[in-house]
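Reader: Please give me a close look at one part of this model, the way its strands pair. Plain wording will do.

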Amino acid sequence: SALVVGRRAPAAAAGRATPTDRFAYALGGDAGTTASAFSSVEVAPVDPFGNAGAWALNASSLRTPRTLAASARIGRYVYVLGGSDGTGALSSAERAMILDPDEAPGLALDDLAVGATGLAPGAYVYRVAALFAAADPDNPGGESLPSGAVAVDVPSLPGSGIQVVLAVTPPVDALGVSIPNVASYAIYRSAAAGGLVPVRLATVPSSGGPFVFVDDGSAAPGVAQPLPIGALGSFAALPSMSTARMGLAAAAAADPGGAGTTYVYALLGRDGTGTSLGSYEFLQVRTAPNGHQTVGSWTAGASSLTPRWQLGAWSADAMVSSKVAAGDTWVYVGGGSGSTAVDAGQVQAGGDLGAFASVSSMPNQAGYGVCAAAGQLLALGG
């Protein structure tokens with residue numbers, strides 16, 4: 001299906017919310033010139049057979065408009081690097097988390113209480129989502145996916161009102177530990193009896209533990225709906241790169257020593273003066289046992305390459321090709337505007353790519369998409 005917004009030079013990524021729920025993301029881009037850079041993000045589901053569904057705007061946008069940016073995914077996190085905001089090359093970077101339905105709060109019907117006021121008789125659907133503090137490193141000021149739906153059939157009781165009492169439990173991570181920085185909860189309910197789509201009914205401050213919410217029918221339903229599966233949370237700022245880069249390439253690769261350490265590479269591109277770059281830098285990412293990630297600072301790569309921009313890059317390990325030794329990862333830097341060379345560097349302990357070797361060349365091609373699979377490096381379009 002068509003994108004909601006026509007985009008030139010967006011960053012792109014793919015990832016999973018669950019083992020079977022897969023999604024593609026289009027991030028930023030522009031309307032035809034760099035001056036029209038977008039901050040909006042779109043998402044589309046992809047089924048197990050590769051069929052893509054309809055695109056929809058993600059609730060959260062990039063912190064900064066970006067076109068000619070680069071992206072990489074590590075686990076549930078999408079990293080977006082550099083690009084242009086329409087006025088010049090950017091050194092800033094940001095990331096967002098693919099929200100996990102298993103990290104939603106819990107919701108259950110606790111009681112139906114008799115009161116002076118209450119809901120009109122009929123069936124209602126409830127859900128609850130966690131709202132995070134602005135300082136949260138994963139989803140700053142953002143919202144979780146909602147709990148499972150709780151259906152409540154409110155009976156008629158002449159002369160009295162029926163109030164719905166809901167029990168809310170805080171979200172926990174994959175290890176069963178409470179997720180920090182929950183500032184409040186969004187309660188959702190169908191706007192009227194018989195409705196199937198819940199909308200925002202109330203926002204309740206976090207008590208730090210389980211609590212009950214009483215719906216006595218006095219709150220006016222809004223229009224906001226819970227986030228859908230596949231949504232990205234709010235984007236969080238990352239440390240800035242040492243060099244502004246637009247039209248760069250990005251790649252992600254694991255440290256050969258393992259232990260949950262991965263690196264995001266920002267490769268070449270063009271700087272704020274319009275000069276093509278031959279340098280690269282990398283950001284250390286540590287993944288905790290619960291799947292959440294923390295980052296270090298950017299480190300300059302030791303080697304340099306023939307300068308180029310609007311290029312692509314691939315990472316390949318033994319899962320991509322049987323010719324790569326188990327535990328090794330290679331980063332391949334493709335041709336672009338300024339060079340047709342394809343160079344390869346092996347990921348070293350600590351993240352540097354060592355001495356690059358020129359391994360091939362490609363047609364005079366720039367602005368292409370990339371994929372590494374089945375022992376091959378693919379370049380698409382451009």
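Author: A strand here is a DSSP run of E with at least two residues, a helice is a run of H or I with at least four residues, and both are numbered from the N terminus. Two strands pair if DSSP finds at least two bridges between them. The model is predicted, so local features need pLDDT of at least 70 and side-chain atom pairs count only at pLDDT 80 or more, while totals for chains, interfaces and linings use all residues. Residues are numbered from 1 along each chain as its sequence is written, and side-chain values use heavy atoms, with hydrogens and water left out.

The pairing can be read from the C-terminal hairpin backwards. Strand β24, residues 369-373, and strand β25, residues 376-380, pair in the antiparallel sense over five bridges. Within this pair, C371 faces L378 of β25. The two strands make a hairpin with two residues between them. In that turn, A374 has a positive phi of about 55 degrees. Most residues other than glycine have a negative phi.

Two other residues share the trait of a positive phi without being glycine. One is A9, with a phi of about 55 degrees; A9 belongs to the segment before β1. Its relative accessibility is 25%, so A9 counts as partly exposed (buried is under 20% relative accessible area, exposed is over 50%, and partly exposed is in between, with a 1.4 Å probe and protein chains only). The other is N181, where phi is positive at about 70 degrees. N181 sits in the loop between β11 (161-169) and β12 (182-190). With a relative accessible area of 35%, N181 is partly exposed.

The segment with A9 leads to a sheet. Four strands form an open sheet in the order β1-β2-β3-β4, with antiparallel pairing. β1 (11-16) and β4 (56-57) stand at its edges with a single partner strand each, so one side of each has no neighbour in the sheet. The partner of β4 is β3, residues 41-46: two bridges join them, and the two strands run antiparallel. Across this pair, E42 stands opposite L57 of β4.

The loop that holds N181 follows β11, and β11 takes part in another open sheet. That sheet has three strands in the order β8-β11-β14, again with antiparallel pairing. Its edge strands are β8 (106-115) and β14 (211-215), each of which pairs on one side only. On average, neighbouring strands of this sheet are turned by 25 degrees against each other, direction ignored (axes are lines fitted to C-alpha atoms; angles in general run from 0 to 180 degrees between N-to-C directions). Five bridges join β11 to β14, and the two run antiparallel. V164 has D215 in β14 as its bridge partner.

On the far end of the N181 loop is β12, and β12 pairs with β9. Seven bridges join β9 to β12, in antiparallel sense, and R127 has Y188 of β12 as its bridge partner. Strand β9, residues 122-132, is mostly covered, with nine of its eleven residues buried. β9 also pairs with β10, residues 150-154, through five bridges, and these strands run antiparallel. In that pairing A123 stands opposite D153 of β10.

One loop residue shows what pairing leaves out. A244 lies in the loop between β15 (236-238) and β16 (249-254). Apart from neighbours within four places in sequence, A244 is in contact (heavy atoms within 4.5 Å) with A89, L90, S91, R270, D271, G272 and L277. A244 and T329 are 85 residues apart in sequence, and their C-alpha atoms are 26 Å apart in space.

The strands belong to a chain with zero helices and 25 strands. Among contacts between residues at least 6 apart in sequence, 60% join residues at least 24 apart. Buried residues make up 48% of the 382 residues. The C-alpha atoms fill a box of roughly 85 × 45 × 40 Å along the principal axes.
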